[in-house]
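Trainee: I'm new to this one and would like to go through its sheets with you.
Mentor: Sure, let's have a look together.

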Amino acid sequence: MIEILFAASLFQCGVGAPQAEFALVYQGEQIFVNDRIYTEETLEEFLSNVAIQRISNADCSIPTPFYNTLGYGAPIPNLPGFDSQTSLATWHNSLEDQYESLVLVELGTSDISSPAFDLQDIILLVDTNPDFEPYAD
Ligand SMILES: [Ca+2]
């Protein structure tokens, strides 16, 4: 079993725009920031079966999500956050959760040279050995 925490979402439709909200849709359920998902799937299977749903304040067109998965201890990309958003590196420095992988989702652009490419539009933490049993038996 793996545990996936929808840890953060930092996205807005342009400079000065309000923060947009997203949910993940997995097995018909909406999953919001701070929600945890438990699955017997592999991370790759989970990512192929999850959809990203806009909830509010994101009227801009959004390209196909770009996923980047980093293992624990991998260098964190040093990218400024778009329009004064918290950068991925700053967010990561404040992280206390244990995880084995970090899934970084870019929703704003597929252009890696764009200032919108900040890899923290959605952040998932993956724990491959969760110490919490979601279902009593
Ligand atoms: Ca962002």
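**Strands and partners**

Mentor: L5 stands opposite L125 in strand 8. Keep in mind that this is a predicted model, where local features need pLDDT of at least 70 and side-chain atom pairs count only at pLDDT 80 or more, while totals for chains, interfaces and linings use all residues. Residues are numbered from 1 along each chain as its sequence is written.

Trainee: What makes strand 1 and strand 8 a pair?

Mentor: Two strands pair if DSSP finds at least two bridges between them. Strand 1 (residues 2-8) and strand 8 (residues 122-127) have five bridges, in the antiparallel sense, so they meet that definition. Strands here are DSSP runs (E, at least two residues), numbered from the N terminus.

Trainee: And how do you know that strand 2 and strand 3 pair?

Mentor: Strand 2 (residues 21-26) is joined to strand 3 by three bridges, again antiparallel, so the cut-off of at least two is met. V25 stands opposite Q30 in strand 3.

Trainee: Why are strand 4 and strand 6 said to stand at the edges?

Mentor: The order in that open, antiparallel sheet of five strands is 4-1-8-7-6. Strand 4 (36-39) and strand 6 (66-71) each have a single partner strand, so one side of each lacks a neighbour in the sheet.

Trainee: Which strands stand at the edges of the 3-2-5 sheet?

Mentor: In this open sheet of three antiparallel strands, they are strand 3 (29-31) and strand 5 (51-56), each with a single partner strand, so one side of each has no neighbour in the sheet.

Key
Helix = DSSP H or I, 4+ residues; strand = E, 2+ residues; numbered from the N terminus.
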